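Me: I have a protein in front of me and no idea how to read it. Could you walk me through the features one by one?

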Amino acid sequence: MLRLGMTNPPYILEHLEEMAKILNHPRVYAFLHIPVQSASDTVLMEMKREYCVADFRRVVDFLKEKVPGITIVTDIICGFPGETDQDFQDTVTLVEEYKFPSLFINQFYPRPGTPAAKMEQVPAHVKKQRTKDLSRVFHSYRPYDHKIGERQQVLVTEESFDSKFYVAHNRFYEQVLVPKNPMFMGKMVEVDIYESGKHFMKGQPVADAKVYTPSISKPLAKGEVSGLTEEFRSRRGSPPSSAPLTSAAHPGGPSSRAARPLLVPAGLALLALLLAFFVKVYN
């Protein structure tokens, strides 16, 4: 499975149809990370962002319509210089509306030497409070509760931090915890969702369900090289030809050791030339 990374709204505004086709491909996770940073156009302008809130909404709304169930995650910066209470409230409203299942909240920090560091700063206690308020909004909803009872295909990829489960992801790159069965690692497993948390679901493998490797082609055998044509494979596997070599001076004539061209490695030839040069110089 392939997961696309992060992209800003202006980079895909003209390619939404193509993006939807890609994200609908069965071997691509229906997942995209699109930072918005703020829901205030004034703040975005001060950040020198090349998009407005309407652009972000257009991208998200289009993908949600064309890629049903897609997971959209985003980033928010709290307390950028000049951010007013209304600017922040607009951002809160955006989060409440879209209920992003994953949200990266950052408190603005003035990095020395940047234009933003020279701007009038939002007081530290205000930035801290806004960060807390937005975090509280994010934790007020549970994005996976409605999926309890669903049957899903998940790809198992790693072990959980507490070592109690294996971590898998479904079609929408949502985290699903499954029992630690060694035969599941690296495989697609069908599970029934029976529990959910803020950032995860838990799945019980379906009895007698097929466990398989999600590979387009059969895995290569040990020592086998990919990309070889069948003709080359057959030639590589056949024994060397025993046909006699012919002399260049006598086409079709019998082969003889004297008639064959002498093949000398390049390094040996160079050594011979150097030796001849020194002999001539010292003589």
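What follows is a chat about helices, burial, contacts and pockets.

Me: What should I know before I start?

Reply: This is a predicted model, where local features need pLDDT of at least 70, side-chain atom pairs count only at pLDDT 80 or more, and totals for chains, interfaces and linings use all residues. Residues are numbered from 1 along each chain as its sequence is written, and side-chain values use heavy atoms, with hydrogens and water left out.

Me: How many helices and strands does the protein have?

Reply: Helices (H or I, at least four residues) and strands (E, at least two) are DSSP runs, numbered from the N terminus. Here you get 8 helices and 8 strands.

Me: And how do I read "buried"?

Reply: Buried means under 20% relative accessible area, exposed over 50%, and partly exposed in between (1.4 Å probe, protein chains only). Of the 283 residues in this protein, 36% are buried. Try V60, which sits in helix α4: its relative accessibility is 0%, so V60 counts as buried. K202, in strand β8 (residues 201–205), counts as buried too, because its value is 16%. K128 belongs to helix α6 (residues 124–138), and at 48% relative accessibility it counts as partly exposed.

Me: Which residues does K202 touch?

Reply: A contact means heavy atoms within 4.5 Å. Leaving out residues up to four places away in sequence, K202 touches F165, V176, L177, D192, I193, Y194 and E195. With that same exclusion, V60 touches I72 and Y98. Over the whole protein, take the contacts with a separation of 6 or more: 66% of them join residues 24 or more positions apart.

Me: Where do distances between C-alpha atoms come in?

Reply: They let you set spacing along the chain beside spacing in space. V60 and V73 are 13 residues apart in sequence, and their C-alpha atoms are 9.9 Å apart. For K128 and N106, 22 residues apart along the chain, the C-alpha separation is 10.0 Å.

Me: Which residues of helix α2 are buried?

Reply: In α2 (residues 16–23), they are L16, M19, A20 and L23. Looking down the axis of α2, you find these buried residues within an arc of 100° (taken from the directions from the helix axis to the C-beta atoms), so they line one face of the helix. They pack against α1 (9–12), β1 (31–33) and α4 (53–66).

Me: What exactly is a pocket?

Reply: On a 1 Å grid over the protein atoms alone, a pocket is an open set of points with protein on both sides within 12 Å along at least five of seven lines, and lining residues have an atom within 4 Å of a point. The largest pocket here holds about 460 Å³ of space (grid points are joined across faces, edges and corners, and the volume is the space filled by probe spheres set on the points). Its lining has 22 residues, with S102, H169, Y173, Q175 and H199 nearest the centre.

Me: Why does the largest pocket lie between domain 1 and domain 2?

Reply: Domain bounds come from an automatic or database domain assignment. Both domain 1 (9–141) and domain 2 (146–205) give residues to the lining of the largest pocket, so it lies between them.

Me: What about the second largest pocket?

Reply: That one has about 270 Å³ of space. It is lined by 14 residues, and M47, F80, F108, T114 and A116 are the closest to its centre.

Key
1 Å grid on protein atoms, 1.4 Å probe; cavity = no way out; pocket = protein on both sides within 12 Å on 5 of 7 lines; lining within 4 Å.
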